[in-house]
Amino acid sequence: MYKCRLTYDEWKCMTSKNRIGKQVDIPTMKGYLGLLTITSVSDKQIWKYNDKDVVVCDNGYHWLTIMPSDEFYCITVMMDDNYKIKVCYIDMIDSQGYDDDKVPYFYDLYLDLVVYPNGDIIVDDMDELQEALKTGEITEMQYDRALKTAQELQNGLLSDIEKFQDYVSEMLNILESC
């Protein structure tokens, strides 16, 4: 497993960015909400989906982070400069916390869900999760939890794309009103 800080420093293409974030405790969300505004990039990042280019990182883009404190996932909503959702990337995680500099982090459990605005969901990096179990990097319990969390998300929060998009909008509004 590797530690992911919610500053997204591993995205080397980002040359300038600003991050705001806070802990919230409301009926619809208990955990961390953050917004990364990408002011400039050296190269925009493009993912392919259904033979189309999907820009996920460019000048003026926004990434909303939703990390419930009592769950084992972290959602990154990649939006353009008009806050239109381009794609959502959901990491299955083992644990989370805050570094001494107050930046939140999580330990990645490899398995991811990639959710497109039309409701399509792609299960990604299953091979990495299986390899981590095989090599003993993660336990059977961690492996099972990653699978269970992904399945629960698909059957729950992600089962109705319009409701999920409303949830994302609500989280963005909560963060911007603070």
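Where is K102 found? K102 sits in the loop between β8 and β9, with strands being DSSP E runs of at least two residues and helices H or I runs of at least four, numbered from the N terminus. Before going on, note that this is a predicted model, where local features need pLDDT of at least 70 and side-chain atom pairs count only at pLDDT 80 or more, while totals for chains, interfaces and linings use all residues. Residues are numbered from 1 along each chain as its sequence is written, and side-chain values use heavy atoms, leaving out hydrogens and water.

Back to K102: its phi is positive, about 70 degrees, though it isn't a glycine. Most residues other than glycine have a negative phi. K102 is exposed, at 64% relative accessible area (exposed is over 50%, buried under 20%, partly exposed in between, with a 1.4 Å probe and protein chains only). D125 also has a positive phi, near 70 degrees, but at 17% relative accessibility it counts as buried. You'll find D125 in the loop between β10 (121-124) and α1.

Now for the inside. The largest nonpolar core (buried Ala, Val, Leu, Ile, Met, Phe, Trp, Tyr and Cys residues joined through side-chain atoms within 4.5 Å) has 35 residues, and L64, I66, V77, I90 and M92 touch the most other members. Helix α3 gives the largest share, eight residues. Apart from this core lies another, of 26 residues, including W11 and W63.

Strand β8 also holds D94, buried at 15% relative accessibility. The D94 side chain makes a polar contact with the side chain of Q142 at 3.1 Å (N or O atoms within 3.5 Å, one able to donate a hydrogen and the other to accept it; residues adjacent in sequence count only if both atoms are side-chain atoms).
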